[in-house]
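Dear colleague,

I am handing over the structure below, and I would be grateful if you could look through it alongside the notes that follow.

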Amino acid sequence: MSSQPAAAVVTGGTAPRAAVEVRGLSKSYGDRPVLRGVDFEVRQGEVFCLLGPNGAGKTTTVEILEGFRARTGGTVTVLGLDPAAQPARLRERIGIVLQECGFPRQARVGELIDIWRGYYPHPRPLGDLLAVTGLTADRNTPVRKLSGGQRRRLDFALALAGDPDLVFLDEPTTGFDPEARRRLWTAVENLRGLGKTIVLTTHYLDEAERLADRVAILLDGRIKIAGSTREVARLAALPSRVSFGVPETLRNGEIPAPDGVDLVVRGQTATCHTRNTAVTLRRLLDWAARYHVGDLDDLAVDTPSLEDAYLHHTLRSAGDPGL
Amino acid sequence: MKAVRLTVRQAVMEQRNFWRSPEYALFTFALPLFLLLLLGAANGGSYLPGHIRQIKVLVPSILAFGVIAAAYVNLGAKMAVLRHDGVLKRIRTTPLPAGAYIVGHIASTVATTLAIAACMGVAGWLAFGTVPRLGGMFVLASGLALGIVCFAALGLAVSSLIKSAESASPITNASYLPIAMISGIFDPTIGIPRWLSGAAGVLPIKALADVLEDAYTPAAHAFPAVDLSILLAWAVAGAALATWRFRRQTA
């Protein structure tokens, strides 16, 4: 990912490799600091997810990137432009899917998309937009007759009308049923397939884990941790969990417990936590071979998920000793 | 040049949307026409002090009402609904300059209002034989032009003060109907206290009605400079308030 062929996409000599670069970004509302030195970058063609609890500054950060909000300090570059200085030029090249945004009540799907295409210098063809968002059959449908899922797809179609290089998605599946979420995830994956860079904010960690190439967790106005979903999970240094069905002979005390493994037996299951899965597994399998308990039934390794890492960071910062 | 093209496209789309929503089109067109025919048939034959047939005042008064319904009520309610539906927010995510979007709406409103004015002029002529005098054409044109600008600006201003989509129509209607009544729009002979008519005299509804009446009365008058100045002053005030509110809400 780090040595991607981004240079092939770069058109001018001035365009940077990163789609978004944020350095030392700060923002205060009056005396109240919301962002206290945020640093991150979004690479071209990746799905980047900004995570964090409510009030952490996610929306403020994204609005600064979109050119809707002025920053107090730091540097921000989006597609090589300063969003505060050139919001109009930037908006020709980005697409924004906001939460809960309406449509003109009397408009029809096709003509609304067409009007939107007129706002941009290099629009995508109408038929293409309808096809990508699955609205071809609804071209002449009045927008007020669309279902919730169709409206969301129209949101996408309008955000893509200008054939943007960078798409912002603000909590795109809030309030969705599981099926609608899955369909939207597919849409996001299709966007990535088109080579778009995507900046996503979400409350759902499974969504971030499923969609994002890299995530950053924003806490108290700073980036607490950033990296690929696996890196973030690993950097939290949470142990993996190894479990297997307890052999009869161990339960009856006929054989000793394995050495060097902190095994907890609860009911039918033996569990241990480890920061070195390979060593633990080798010890368990050696032990199983020596005492002839065969293959360990139901042997499973659960590596820490993004959700575990997220909760670890957010709860710790909230002063909760729970994890 | 591109901004002009975008503005025209927006205006065309708004026109199409206007005619697609029967409630707007019906209310804006049918109500003034109906009132004109009803009030004209009921009272048009009687005479006002100064030996003027009342229909000569009713036609321009209801014409003023039509202008206000189309420019102020329609544009004001529509903008309020667009804001509360989040359409204005969505427009801000595009490179379209906010000015081109709003001017597109204003252009569409001007087209609608001129169409209504023409309809009512023709209805007044066909039903009651009432036409503006030839020498009053310039006054008529100035009154319509300033009236449309003034009430469109006030409509935009009031739209920025409306708190919900549901209250858009009630507020725009309730904010001018009482003033229209004390201004004598529906009944030129209405008896109201002197202080109230004095207040109505500096408001734009009476001013617009007076300018249009001037164009319809048979005898030539002095140019209605005071009334036109009142319209201009309200246009400037409305535009200033609307600009300030729109800037603040999009900051």
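In this predicted model, a good place to begin is chain B, where α6(B) packs against helix α10 (residues 204-216) of chain B at an angle of about 160 degrees, with the two axes 8 Å apart. Because angles over 145 degrees count as roughly antiparallel, α6(B) and α10(B) are therefore described as roughly antiparallel to each other, and their crossing is left-handed. On the side of α6(B), the contact is made by V139(B), L140(B), G143(B), G147(B) and C150(B), while α10(B) brings P204(B), L208(B), V211(B), L212(B), D214(B) and A215(B). Sorted by class, the residues of this contact between α6(B) and α10(B) comprise eight nonpolar, two polar and one charged.

Helix α6 of chain B, which spans residues 137-159, also packs against helix α3 (residues 55-84) of chain B, here at an angle of about 30 degrees and again with axes 8 Å apart. Since angles under 35 degrees count as roughly parallel, α3(B) and α6(B) are therefore roughly parallel to each other, and α3(B) passes α6(B) in a right-handed crossing. From α3(B), the residues in this contact are A64(B), V67(B), I68(B), A71(B), Y72(B), L75(B), G76(B), M79(B), A80(B) and R83(B), and they meet L144(B), G147(B), I148(B), F151(B), A152(B), L154(B), G155(B), L156(B), V158(B) and S159(B) of α6(B). By class, the contact of α3(B) with α6(B) holds 15 nonpolar residues, four polar ones and one that is charged. You will see that G147(B) is listed both in the contact with α10(B) and in the contact with α3(B).

A further pair in chain B consists of helix α2 (residues 22-43) and helix α5 (residues 98-128), which pack at an angle of about 25 degrees with their axes 10 Å apart. By the cut-off of 35 degrees, α2(B) and α5(B) are therefore roughly parallel to each other, and their crossing is right-handed. In α2(B), the residues T28(B), F29(B), P32(B), L33(B), L36(B), L37(B) and G40(B) meet T112(B), I116(B), C119(B), M120(B), A123(B), G124(B), A127(B) and F128(B) in α5(B). The contact of α2(B) with α5(B) has eleven nonpolar and four polar residues, and no charged residues.

Turning to the contact between the chains, 17 residues of chain A and 16 residues of chain B take part. On the side of chain A that touches chain B, α2 (87-91) and α3 (109-118) of chain A each supply at least two residues, and the largest share, three residues, comes from α3(A). By class, that side of chain A has eleven nonpolar, three polar and three charged residues.

Chain A itself is divided into domain 1, covering 6-234, and domain 2, covering 239-302, and the C-alpha centres of these two domains lie 46 Å apart.

As to confidence, chain A averages a pLDDT of 85, with 93% of the residues scoring at least 70, whereas chain B has a mean pLDDT of 86, and 98% of its residues reach 70 or more. Over residues 1-16 of chain A, however, pLDDT stays under 50, and for that stretch the model has 14 contacts beyond four places in sequence. Among the elements of chain B, the lowest mean pLDDT, 77, belongs to strand β1 (residues 47-48), and the highest, 93, to α6(B). For the complex, the predictor gives an ipTM of 0.77 and a pTM of 0.77.

With kind regards

Notes:
Residues numbered from 1 in each chain as written. Chains lettered and ligands numbered in written order. Predicted model: local features only at pLDDT ≥ 70, side-chain atom pairs only at ≥ 80, totals over all residues. Axes fitted to C-alpha atoms, helices over the stretch in contact; angles between N-to-C directions. Helix = DSSP H or I, 4+ residues; strand = E, 2+ residues; numbered from the N terminus. Parallel < 35°, antiparallel > 145°, perpendicular 65-115°, else oblique. Left-handed = near helix turned anticlockwise from the far one by under 90°. Contact = placed C-beta atoms within 7 Å. Nonpolar A, V, L, I, M, F, W, Y, C, P; charged D, E, K, R; others polar. pLDDT = per-residue confidence, 0-100. Domains from an automatic or database assignment.
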